[in-house]
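This report describes selected helices, a strand neighbourhood and a chain contact. The sequence and structure are shown below.

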Amino acid sequence: MSNPAVGALRQSGSLFALGLDVVRSLPRRPFQTKEFIQQSWFIASVTILPTALVSIPFGAVIALQLGNLTRQLGAQSFTGSASVLAVIREASPIVTALLIAGAGGSAICADLGARKIREEIDAMQVLGIDPIQRLVVPRVLASMLVAVLLNGLVSVVGVAGGYFFNVVLQGGTPGAYLASFTALAQLPDLYVGELKALVFGALAAIVASYKGLNAGGGPKGVGDAVNQSVVITFLLLFAVNFVITAIYFQLVPPKGQ
Amino acid sequence: MGVEITVDGLTKSFGRQVIWQDVSLTLPAGEISVMLGPSGTGKSVFLKTLVGLLKPERGSIMIQGRDLVTLREADLYEVRKLFGVLFQDGALFGSMNLYDNIAFPLREHTRKSESDVKKIVSEKMEMVGLTGSEDKLPGEISGGMRKRAGLARALVLDPEIILFDEPDSGLDPVRTAYLNQLIIDLNDAIQATFLIVTHDVNTARTVPDNIGLLYHRHLAMFGPREMLLSSEEPVVRQFLNAQRQGPIGMAEEKDADELAQEQAEGYEMPPLPPIPLQLPTSDGNARPTQRPPGEWCRENGVTPPPGSFETHSTAAPRSEPELAS
């Protein structure tokens, strides 16, 4: 235990073990419908507003950058297309992930951590109920569902924000902006964006649950667990995002080649 | 009738720190046993190991021919249905009111109709004296009530084994006395196997049929109540009589120098206080598993300290609260 490398490996091992346990518990009945709906509602309610508020400036920044860049390159007609591409492929899954991890994941971790230190989790196990099936699975599914839906929201708000900044503020042509949407972007871009959101939602919930269920050392332990869960989720998200993007470019050739 | 638990050669450590090793004991079916020990000797860890929440490094825990240590997770959940556990602070689910908390195991594990659930829950709530508090949330009630609600929840599935994690911590002496009486009456009524983990000496002296003492990473002694209460073994004697003189120090065990000095000063342990009578049920009868006072001492040729087993003998070196009879 004293060796930090061994400790880190052990932690990652247990994290993966929890992930596997969640997958294994998925088909187990009875499915916790009530808990799933409550959690979906809860995660949605803590993430919707911040997500919408973050995605407007995010879309705007992309629109501003691209507006200038395309003008410099003399490719103004592709402004709309490029901003859609940037928003749907990268920006919206990342914004979704940051908010799911920051708002949803921290809430899940704090909730489970508080239950852990109050011995509620132990009590549940002693009463013959598997907390993974009862508590973690509905949270992971809820977080995945909300992530996918939020990703849609961010995409719409981001594209609309881009349109507003490009057309209204930078004096772009509305028709050209809309018409160029399909010049570079294609439907698989949307699919991969949603897939990323799905994976990020699952990751955020699993890391948060893992940290929450292993919280110890009183109220301070819960605080530490929440902190660590957000940091670890962010690190994982960016790494996984890179991997998915790399695979995507291998599998789906960009349009126009 | 309760179930016997046989623990053999149990060793538990966290990392390199050994909590206790080679613990072997048998909790006799239907009897009340107490596990005593100074703070921080892993009593709660022992209790959690018994229900399979923590995995020991070595040893076995046999219940009805099954070894809890090697059992698969799914089977473990099955065996746990034999258990009822009262956690230190009750471990009630904070989001549910008391009624839902107590009904929870029934709703999860049985197909009983809501009216049957209500009947059982009301019965258990009455048993622990909580009638009328059904709608309260765990955050709104006192620690003593939370413990009693936790006990009611542990009882609804009619467990064969009930484990109590420090039932008397954080309670005043009067409430502790009531809770002890409740434990005795419960044992009489359902005859399950009871294990109480505590460091309260009064509870240990008057409630159980058997006492165990965890000390210095091992089980110092486990046996019938009278055996430990009449024991000359320094650790057992020091702890059961709440004295400073003896092998147990403030931090952990005293070192050899300190002990030598204590002996050089010619200090002798005070005489053993008389062994109190065991707590009877509230209607004054003996429980089925209760042995007649003094039986063990007679059978083993031990002379109990003078004044033992007298109706009005003081229960402990310090004054004990009088029980409402």
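Which residue just after H5(A) takes a positive phi? Gly171(A) does, with a phi of about 70 degrees. The model is predicted: local features need pLDDT of at least 70, side-chain atom pairs count only at pLDDT 80 or more, and totals for chains, interfaces and linings use all residues. Residues are numbered from 1 along each chain as its sequence is written, and chains are lettered from A and ligands numbered from 1 in the order in which they are written.

Helices (H or I, at least four residues) and strands (E, at least two) are DSSP runs numbered from the N terminus. The expected span of a helix is 1.5 Å times one less than its number of residues.

| Helix | Residues | Expected span | Distance between end C-alpha atoms |
|---|---|---|---|
| H5(A) | 131–169 | 57 Å | 53 Å |
| H8(A) | 187–213 | 39 Å | 39 Å |

H5(A) bends by about 25 degrees at Val137(A) (the angle between axes fitted to the seven residues ending there and the seven starting there), and Pro138(A) follows within four residues. In H8(A), 19 of the 27 residues are buried (20 or more other C-beta atoms within 10 Å of the residue's own, with C-beta atoms placed from the backbone).

In chain B, 5 of the 5 residues of strand E8(B), residues 193–197, are buried, so this strand is largely enclosed by the rest of the structure. Strand E7(B), residues 161–165, pairs with E8(B) in parallel over 5 bridges (pairing requires at least two DSSP bridges). Leu163(B) stands opposite Leu195(B).

How values were computed:
Buried ≥ 20, exposed ≤ 12 C-beta atoms within 10 Å, placed from the backbone.
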